[in-house]
Amino acid sequence: MNSTQLLETSPKESVFGAQASHRMPSTVSTVHGSVYGPSPPLDFALGALACCAACVFTNPLEVVKTRLQLQGELQARGSYQRHYRGVLQGLWVVGRTDGLRGLQKGLSVGLMYQGVMNGVRLGSYSYCEALGITSFHGGSLLSGAGAGALGAFIASPAYLVKTHLQAQTVEAIAVGHQHNHVGVFDAFVTIYRKEGLIGLWRGVNGAVPRVMVGSAAQLSTFTSAKEWVSHSQWFSPGSWLTALIAAMISGVAVAIAMTPFDVISTRLYNQPVDELRRGRLYHGFLDCMLKVCQSEGPVGLYKGMGPVFLRLAPHTMLSMLFWDVMRQQTVKDRQSQGRN
């Protein structure tokens, strides 16, 4: 694509827009250093900023999701007290007991996680776009999975601390193991002193498959769903409703695919460790999955699916929308500089 074609590309065309995946690089230069599109390093920054902005709005749902997934851990249904019975009731219980600040528990480290993980994930996916990998059959799916795995591994310590802090609450409504950290810095220092550097990556064996599945499902279904909605011509071109419907469809797909991995990841991250720095409850990913199924039934792997979906749909829409708008603005700014 030459510079004239790039200049003719509509700035309103979404990076996950109405065109097929091989057209996605229309706002991303295939030549590094070109002034006509964001480079992968810039997409790292834009992706991080977009997902951090979305995180501020969806973090309360993440708190409730964590509590629901830890509630009744390795206990048969009906044999434990249910402090949290759903999304709205869970939000009310947390707000009433912990206050409004309780609904934003772990926000600072959550922003750290979102910035690093999604910056790496979306930046890596953009790099795959620039290389043309996503234009091949199945390339979008594989690129999303690979980018997600890399982001999850690098950001795993932040997710570990976030899970510990979001699970912490007063004894009356506590679920799961309570680590009782004073704050974010104290949590990092305490884990490092007790378990060493490797301890900061405890639970990563659950996080990597979780984000691989979620990232692959999100990036591929959002693209396909938006293309389908746009071709259906239900809304005017460029309407935000197109992104909303696509995000809802993507949210359903991601919630169904990712929730079991999300439950396992939360359990592995939050479990206590013994004097030999081994998990007291689970030995690894497969052991956790088998124990949950045996004790809580297969439905136990779908605990917290309600807030997972309610969080993913707006988070997908907001993060992708913020990312897309910022990329479009970058393209227009660089096109203006190119003309000058």
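## Pockets and cavities

A pocket, as the word is used here, is an open set of grid points with protein on both sides within 12 Å along at least five of seven lines, whereas a cavity is a set of points where a 1.4 Å probe fits but cannot get out. Keep those two words in mind while looking around this structure, which is a predicted model.

## The second largest pocket

Let's begin with an open space. The second largest pocket has a volume of about 350 Å³. Its lining is made up of 18 residues, and those closest to the centre are Gln 71, Arg 77, Tyr 80, Arg 82 and Lys 303.

Which helix gives the most to this lining? That's H10, with three residues. Sorted by class, the lining of the second largest pocket comes out as eight nonpolar, six polar and four charged residues.

## The closed-off spaces

Now for the cavities. Searching the whole structure turns up five of them at 30 Å³ or more. The largest cavity has a volume of about 220 Å³, and 19 residues line it, with Met 117, Asn 118, Arg 121, Met 258 and Leu 312 closest to its centre.

Several helices share the job of lining the largest cavity: H2 (40-70), H4 (107-131), H7 (204-232), H8 (240-270) and H10 (305-339) each bring at least two residues. As for the chemistry of that lining, eight residues are nonpolar, seven are polar and four are charged.

## H7 and H8 side by side

Two of the helices that line the largest cavity, H7 and H8, are worth a look as a pair. Their axes come within 7 Å and cross at roughly 170 degrees. Angles over 145 degrees count as roughly antiparallel, so H7 is roughly antiparallel to H8. The contact of H7 with H8 has 21 nonpolar residues, along with nine polar and three charged ones.

There's also a database note for this part of the chain. An unreviewed UniProt entry annotates residues 240-261 as a "transmembrane region". In the model, that stretch is 100% helix and 0% strand, and its end C-alpha atoms sit 31 Å apart.

## Rings that meet

Finally, the aromatic side chains: there are five aromatic pairs in the count. How are the rings of Tyr 113 and Tyr 159 arranged? They're edge-to-face, with 4.9 Å from centre to centre and 65 degrees between the planes.

Tyr 113 belongs to helix H4 and Tyr 159 to helix H5 (residues 139-167), so this pair ties together parts that are 46 residues apart in sequence. Helix H4 has come up before, as it also supplies at least two residues of the lining of the largest cavity.

Methods: Residues are numbered from 1 along each chain as its sequence is written. This is a predicted model: local features need pLDDT of at least 70, side-chain atom pairs count only at pLDDT 80 or more; totals for chains, interfaces and linings use all residues. Side-chain values use heavy atoms; hydrogens and water are left out. On a 1 Å grid over the protein atoms alone, a cavity is a set of points where a 1.4 Å probe fits but cannot get out, and a pocket is an open set with protein on both sides within 12 Å along at least five of seven lines; lining residues have an atom within 4 Å of a point. Grid points are joined across faces, edges and corners, and a volume is the space filled by probe spheres set on the points. Helices (H or I, at least four residues) and strands (E, at least two) are DSSP runs, numbered from the N terminus. Ala, Val, Leu, Ile, Met, Phe, Trp, Tyr, Cys and Pro count as nonpolar, Asp, Glu, Lys and Arg as charged, and the others, Gly among them, as polar. UniProt positions are given in the numbering used here, feature names are shortened, and annotations may be inferred rather than shown by experiment. Axes are lines fitted to C-alpha atoms, for helices over the stretch in contact, and angles run from 0 to 180 degrees between N-to-C directions. Angles under 35 degrees count as roughly parallel, over 145 as roughly antiparallel, 65 to 115 as roughly perpendicular and the rest as oblique. Rings of Phe, Tyr and Trp (its six-membered ring) pair if their centres lie within 6.5 Å; planes under 30 degrees apart count as stacked, over 60 as edge-to-face and the rest as tilted.
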